[in-house]
Amino acid sequence: MSELLQGLNDRQKEAVLHDRGPLLILAGAGSGKTRVLTHRIAYLIAERDVSPYSIIALTFTNKAAGEMKDRVARLVGPGSESIWVSTFHSSCVRILRRFIDTIGYRTDFVIYDTDDQKALMKEVFKTLGIDPKNTKEKTVLSVISHAKDELIDPARFELEAGPDKHQRMYAACYKEYQKRLKENNALDFDDLIFKTIELFDVNKEALAYYQRRFQYILVDEYQDTNSAQFMLIHMLANHMNENGIIEHNLCVVGDDDQSIYKFRGANIRNILDYEKSYPEAKVIRLEENYRSTGSILDVANEVISHNRERKSKRLWTQNGAGEPVELRCYPDDREEQNAVVGEIAAAVREGLYTYSDFAILYRTNAQSRGFEDKLIFRNIPYKIIGGQSFYQRKEIKDLLAYLRTIASGVDSMAIKRIINVPKRGIGAATIEKLMAYTEERGCSFYEALCSAAFVPGVERAAAKIERFVSLIEGLRTKLEKGFRLRDIIDEILEATQYIDYLGEDDEPDKVAERIENINELISKIADYEDSCEDTNEMPTLAAFLDEITLVSDIDEMESDADKVLLMTIHSAKGLEFPNVYLVGMEEGVFPGYMSINADNPSEEIEEERRLCYVAITRAKEHLYMSYCRQRMLRGDIQMSRQSRFVDEIPRHLLKISGSQLSRKLSDDEGLKRRFGSSYGEDEWGITRDYGEPKKSTRWENPYKKISQTSTGYAAKTGGNTSLDALQSMFAGSVSKGISGASSGDLGYGVGDKVRHVKFGVGTVTAISKGSKDYEVTVEFESGVKKMLASFAKLVKI
DNA sequence: TGTATGGATATTTTT
DNA sequence: TATCCATACA
C-alpha cells in the first residue's frame with residue numbers, strides 16, 4: 001500500500017484513490033479535508049504519473065493556499081513548485097497578466113481595493129450628478145459587485161433594469177464605473193474573475209491552453225463559490241481529451257453546513273446541486289471528526305440539524321466525550337467581558353493553558369471593544385483579527401500609492417491619493433481643473449500633470465506639480481536602473497520627508513505605531529525580494545503590488561505568539577482552538593436583528609445557524625457559550641433573550657454555569673463579590689434578579705474619561721501595560737500644548753498680548769508648529785481660540 | 001488649506 | 001455610544 005494512504009480512514013482513502021471524473025467530498029468540520037486534498041495531489045503525482053504541471057488547486061485564502069502548498073511540498077518533494085496552488089484571485093491575475101490584452105486592457109493593469117473603488121465611485125457620482133446624500137457609494141458598489149458575481153455586465157444590467165428609477169441609476173453608475181476602471185487600466189476584485197471568464201469567452205486559444213494544461217482541478221471550500229467562480233471552474237474542467245471524451249476531473253471539497261458567505265455572493269446551490277451539474281459525480285462524506293470532543297460535536301450536530309436546506313451528515317469522533325459544553329448567563333455585557341477575561345487569566349495563572357489556547361469569538365466586530373478594554377486592564381496579551389488590516393492603514397496606503405504611481409502610467413487613483421501627501425499645496429481645486437483637462441483631451445491624469453503649465457487655471461500650482469512629476473520621474477528612473485525596491489521606499493521616505501509629515505499631527509504614540517508599520521512594510525518588501533532571489537525570479541514592483549493587494553489580515557496571523565485571539569466567527573472559519581468562548585448568544589445579536597427582520601427570515605436564519613455551527617466546531621477541548629440579560633447597543637441599554645440557537649440544544653448536553661465558574665474564579669474577588677457563590681445557576685427560569693445594572697463598576701476602564709479629553713488615546717496594539725498607556729497619554733497631552741514656541745518670525749510669542757480684528761485683545765498661551773504654519777492659541781475675553789497664524793493676522797501690542 | 005462640528009448611521013467581508 | 005462624512009469657518 002502506498003505510504004500516502006497510511007493513517008487515513010476508509011472514506012479518506014477512497015477520496016484519495018478516486019481516479020477520474022467529478023468528485024464531491026462533503027467534508028464536515030475537522031474531518032481532515034486538507035489532509036485528503038494534499039494526499040490526493042501527492043498520490044496523483046506519485047502513483048498515477050500525473051505531471052505536477054497539470055494540477056491546479058484553488059482556495060479562497062492565501063493562508064489556505066500557503067498551508068496546502070507547504071504540505072504538498074513535504075509529500076511530493078521537488079517538482080511540487082509547478083503545481084498551481086493559489087487563490088481564485090491570484091490564479092486569475094496570473095492568467096490575465098498573460099492574456100488580458102486580447103480584451104482591451106494592458107497587461108500591467110492595477111488592482112483596485114475597496115478604498116479605490118469608493119473613491120472612483122465618488123467621481124462617478126459627481127459626473128452623473130448623483131447626490132451622495134441620497135445614495136451611498138457603498139450601496140451602489142455592492143449592487144455592482146453582486147452583478148459581477150452573477151456575470152452580469154453593464155449592458156445586460158441596463159437591459160434588465162427596466163423602468164425602475166433606482167435600477168436605472170445603478171445601471172448608469174455601473175456603466176460609468178466600468179468605463180473609468182478601464183481608463184485607469186484597473187480591475188476591481190470581482191473583475192479578476194469576471195474578466196478571466198470574458199477572456200476565455202473571447203480568446204478560445206487561451207481557454208484551450210489552460211484546459212489542456214489543467215487536467216486535474218481541485219477546489220477547496222466549494223460551498224463558498226459564487227456563480228462566477230462556478231463558471232470559471234466549469235469552463236476549465238470542460239476539456240475534451242484526445243479520445244474525444246470530457247472527463248471533468250474536478251474534485252471539489254466543501255461543507256454546505258459551513259456556507260457563511262451568502263452576503264458576498266456565495267451560492268450554496270453550487271454545492272447542493274453538484275450532482276445535478278455532474279450526474280456521474282461520485283460523492284464521499286467525511287464525517288469522522290479529529291478535532292473536537294464528543295460533547296462539542298453533540299452540540300454542533302443538534303444546532304445544525306435545525307436547518308432544512310442541507311445534505312444530511314452527522315459528525316462523530318473517537319475522541320471521547322470530554323468536558324461538557326458550558327452555558328453562562330450574565331447580567332450585562334460588562335460582566336460577560338470580565339468573567340471571560342478573568343477566567344482566562346486564572347487558567348493561565350494556574351498553568352493549565354497559555355494565552356494562545358484561548359479564542360473569543362463574536363458575531364460582530366463591535367463586540368471586541370469591551371473585551372479589549374478588559375484585556376488591557378489585566379495586562380493580558382491579545383490580538384484582534386479583522387477590523388482595519390495592515391494594508392488599509394493610512395501610512396501604508398500612502399506609501400503603496402507612491403509605489404503604484406511609479407509602477408503605472410495611467411492609474412489616477414493612486415496619484416490623487418498622494419499628490420498632496422505630504423502637503424505640497426496642490427489642492428482640490430487644482431485637481432478638479434486637471435480632471436476637466438483630462439476629460440477634454442482624453443489623456444491620462446499623469447499626462448495632464450506633465451503638461452500642467454498648459455492647463456487653464458492651474459498656472460499657480462504648475463511649479464509645484466512639476467516638482468511632483470520630477471520626483472516621480474526620478475523614482476522611475478531608479479526603478480528602471482534596477483534599484484532594489486527597499487531602496488526605492490527609502491528614497492520615497494527621504495524625498496517626501498514622510499516621517500516628519502507624520503509627526504506633525506497625531507499623538508506621539510500613534511506616530512510611533514505608524515513608523516513601526518512603515519518598518520514592517522519595508523521588511524515585507526525585503527522579504528519579497530529575498531524570496532525572489534531564492535527562486536531565481538525577477539522581483540518586480542508589479543508582482544509585489546499584486547501579492548499584497550490580494551492579502552488579508554488573517555493570512556498574516558503569527559501563530560507562535562502567545563496571545564489571546566479575538567475575532568468574528570467569520571474570521572475563525574478554518575481555524576481551531578483548545579478553548580473557545582462564544583459570546584453574545586442573544587437574540588438580536590446572534591442571530592443578528594438584520595436576519596431576524598429580513599424579508600426571507602428562514603433563509604437568513606439558516607445562514608446564521610451555519611455560522612453558529614462553524615463557531616461551535618472551532619473548539620477542541622472546551623466550549624463556553626454565554627449571553628447577557630441586557631447589553632449596551634448603539635448607545636442605549638437593550639434587554640435581550642438567549643439565542644434561539646441555545647434553545648435548540650437539549651438541556652442535558654449543557655452544563656449551565658453554576659459552581660464550577662465560581663470555584664474557578666474564587667481568587668478573583670471582583671467577580672466573587674458581585675456574583676455571589678451561586679452565580680448563574682438559574683439560566684433557564686428567568687427568576688433571579690440581578691438588580692439594576694451598575695453604571696460604572698470598578699472594572700471600568702480607567703482611561704476612558706481621560707482619553708476623551710486628551711484627543712482620544714486608543715491602545716490598538718496588544719500587550720500594552722496600563723502604566724505605559726498612562727505615561728504615553730500624559731506625554732501626548734503635554735507635548736501638544738506648549739512645544740515648538742520658537743517662532744520669532746511671527747512678531748509675537750507665548751505670553752504676549754495681541755489684537756485680532758474680530759476678537760479684540762487677548763493673550764497668547766501657546767504656539768505650535770504646523771506643516772508650514774504656526775498654530776496659535778490665544779485667550780480672548782470671549783474665550784480661548786486656536787487659529788493659524790497666517791489667517792489670524794494677529795498684531796502684538 | 002485645514003479643522004471643528006453636527007448629522008446621519010450602525011452585520012458578517014476569504015480577495 | 002462611536003464613527004464616518006459633508007459642510008462651515010479660522
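**Exercise 1. A buried asparagine**

Place N301, then find its accessibility and its contacts beyond the neighbours within four places in sequence.

- Step 1. N301 lies in helix α14, residues 294-304. Helices (H or I, at least four residues) and strands (E, at least two) are DSSP runs numbered from the N terminus.
- Step 2. The model is predicted: local features need pLDDT of at least 70, side-chain atom pairs count only at pLDDT 80 or more, and totals for chains, interfaces and linings use all residues. Residues are numbered from 1 along each chain as written, chains are lettered from A and ligands numbered from 1 in the order written, and side-chain values use heavy atoms, without hydrogens and water.
- Step 3. The relative accessible area of N301 is 4%, so N301 is buried. Buried means under 20%, exposed over 50%, partly exposed in between (1.4 Å probe, protein chains only).
- Step 4. Set aside the neighbours within four places in sequence: N301 then contacts R314 and L315. Contact means heavy atoms within 4.5 Å.

**Exercise 2. Strand β10 and its partners**

Decide how far β10 is covered, and list strands that pair with it.

- Step 1. β10 spans residues 358-362. Five of its five residues are buried, and the strand is mostly covered.
- Step 2. Split β10 by face. One side carries F358, I360 and Y362, the other A359 and L361, and all are buried. Both faces are therefore covered.
- Step 3. Take β13, residues 577-582. Four bridges join β10 to β13, and the two run parallel. Pairing needs at least two DSSP bridges. F358 stands opposite N579 of β13.
- Step 4. Take β12, residues 564-568. β10 and β12 also pair in the parallel sense, over four bridges. L361 has M567 as its bridge partner in β12. Y362 has T568 as its partner in β12.

**Exercise 3. Strand β12 from both sides**

Why is β12 largely enclosed by the rest of the structure? Name also the residues on each face, and the pairing with β11.

- Step 1. Count buried residues. Five of the five residues of β12 are buried, so the rest of the structure largely encloses this strand.
- Step 2. Check the faces. V564, L566 and T568 lie on one side of β12, with L565 and M567 on the other. All are buried, and both faces are covered.
- Step 3. Add β11, residues 382-384. Three bridges pair β11 with β12 in the parallel sense. I384 stands opposite L566 of β12.

**Exercise 4. Two packed helices**

Describe the packing of α21 against α22.

- Step 1. Choose the descriptors. Two packed helices are described by the angle between their axes and the distance between the axes.
- Step 2. Read off the values. α21 (residues 459-480) and α22 (residues 485-496) pack at about 160°, with their axes 10 Å apart. Axes are lines fitted to C-alpha atoms over the stretch in contact, with angles from 0 to 180 degrees between N-to-C directions.
- Step 3. Classify. α21 and α22 are therefore roughly antiparallel (over 145 degrees; under 35 is roughly parallel, 65 to 115 roughly perpendicular, the rest oblique).
- Step 4. List the interface. α21 brings L471, L475, K478 and L479. They meet L485, I488, E491, I492, A495 and T496 of α22.

**Exercise 5. Disulfides**

How many disulfides does a search of the whole structure find? Explain the outcome for C443.

- Step 1. The search finds zero disulfides. The criterion is a pair of cysteine sulfur atoms within 2.5 Å.
- Step 2. For C443, the closest cysteine sulfur is in C450, 9.4 Å away, too far for a bond.
- Step 3. C450 is in no disulfide, and its nearest cysteine sulfur is that of C443.
- Step 4. Compare accessibility. C443 is buried at 17%, whereas C450 is partly exposed at 47%.

**Exercise 6. Backbone details**

Locate D49, N185 and P591, and state the backbone feature linked to each.

- Step 1. D49 has a positive phi of about 55°, although it is not a glycine. D49 lies in the loop between α2 (33-48) and β2 (55-59). At 69% relative accessibility, D49 is exposed.
- Step 2. N185, also not a glycine, has a positive phi near 50°. N185 lies in the loop between α8 (165-183) and β5 (186-188). At 6% relative accessibility, N185 is buried.
- Step 3. The peptide bond from F590 to P591 is cis, with omega near 5°. P591 lies in the loop between β13 and α27 (593-596).
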